[in-house]
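User: Hey, got a minute to walk me through this one? I'd like to start with the ligand and its surroundings.

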Amino acid sequence: MSDIIHNLSAVKQRITGAAHDAGRDPATITLVAVSKTHDAAAIRPALEAGQRVFGENRVQEARTKWPELRQDFPDVELHLIGPLQTNKVRDAVALFDVIETVDRPKLARALAEEVQRVGRSPRCLIQVNVGREPQKAGVEPEAVDQMIRIAREYQLDIAGLMCIPPAEGDPAPHFRALADMAARNGLAVISMGMSGDYPAAIAQGATHVRVGSAIFGSRPPV
Ligand SMILES: *Cc1c(COP(=O)(O)O)cnc(C)c1O
């Protein structure tokens, strides 16, 4: 348990260091603590230590853990960082404050219809497949501007962009490319950087880093 608190504080210190190295104000960088696969008992110490922004990659799993935790910590901000099927849109809009994985017009449309229906409008990020990897979700870099236009036409609250760069090679050029796409579209939120590369992402302008294993420890293999 105290491992998590220790890890959390170490990650926050590294964020502060990376921000200073980049000449940035650390307060402009939000840590999204990725709690996927970890149960409520493992998440609670992070909440008690003051962490409020969390990421989950499965709607169903989040539904089993978060309503209970939220009763005790109502100011939590929950991010969906995994793929979203249109048949889970209703639950996703009800549960999440930020949906980071909008990656196709059909999903944008389904989200917009649900937002209209319930009057709850999560902020949305467009996921970009910066490495053009066939196995990865996200819109191709050349299709980003059009996807943003479509999502805005549906009146979704498009706040920014998200990416997962290729596991191999230097992520910095991909991070820089995502920051450029956000800038030219007037988008403030840039979600990039995970346990292995968040300082590099901060150097390229990340406003949100999504850190899981460096806080909660390794996950069981899926
Ligand atoms: C799991 C996950 C993370 C966190 O990964 P770690 O390497 O454990 O920090 C970040 N972003 C996404 C989209 C993820 O699925």
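User: So how do the residues of the shell around the ligand divide into nonpolar, polar and charged?

Analyst: Bear in mind this is a predicted model. The shell has six nonpolar residues, three polar ones and three charged ones.

User: Which residues are they, the ones the ligand is surrounded by?

Analyst: Going along the chain, they are Val-34, Lys-36, Ile-81, Met-162, Ile-164, Met-194, Ser-195, Arg-210, Val-211, Gly-212, Ser-213 and Arg-219.

User: What about Lys-36, how far is its side chain from a ligand oxygen?

Analyst: An N or O atom of the Lys-36 side chain is 2.7 Å from an oxygen atom of the ligand. Arg-219 also has a polar side-chain atom 2.7 Å from a ligand oxygen. With Gly-212 the backbone does the job: one of its polar backbone atoms is 2.8 Å from an oxygen atom of the ligand.

User: And how much of the ligand does the protein bury?

Analyst: The protein buries 89% of the 390 Å² that the ligand exposes when taken alone.

User: OK, zooming out. Where does the ligand sit?

Analyst: In the largest pocket, which has a volume of about 430 Å³. That pocket is lined by 20 residues, and the closest to its centre are Lys-36, Asn-57, Ile-81, Ile-164 and Met-194.

User: What's the lining of that pocket like by class?

Analyst: Eight nonpolar, eight polar and four charged residues.

User: Switching topic: how many cavities of 30 Å³ or more does a search of the whole structure find?

Analyst: One. The largest cavity holds about 40 Å³ of space.

User: Which residues line the largest cavity?

Analyst: The lining is made of His-79, Val-98, Glu-100, Arg-123, Leu-125, Ala-159, Val-189 and His-208. By class, that's four nonpolar, two polar and two charged residues.

User: Which strands each supply at least two residues of that lining?

Analyst: β4 (98-102) and β5 (123-128) each do that.

User: Last one: why roll a probe over the atoms at all?

Analyst: Because a probe the size of a water molecule, rolled over the atoms, shows where empty space is left.

Technical notes:
Residues numbered from 1 in each chain as written. Predicted model: local features only at pLDDT ≥ 70, side-chain atom pairs only at ≥ 80, totals over all residues. Heavy atoms only, no water. Near = heavy atom within 4 Å. Polar contact = N/O pair within 3.5 Å; in protein donor to acceptor, adjacent residues only side chain to side chain. Areas by Shrake-Rupley, 256 points an atom, 1.4 Å probe, with all protein chains shown as cover. 1 Å grid on protein atoms, 1.4 Å probe; cavity = no way out; pocket = protein on both sides within 12 Å on 5 of 7 lines; lining within 4 Å. Sits in = over half its atoms within 2 Å of the grid points. Nonpolar A, V, L, I, M, F, W, Y, C, P; charged D, E, K, R; others polar. Points joined across faces, edges and corners; volume = space filled by probe spheres on them. Helix = DSSP H or I, 4+ residues; strand = E, 2+ residues; numbered from the N terminus.
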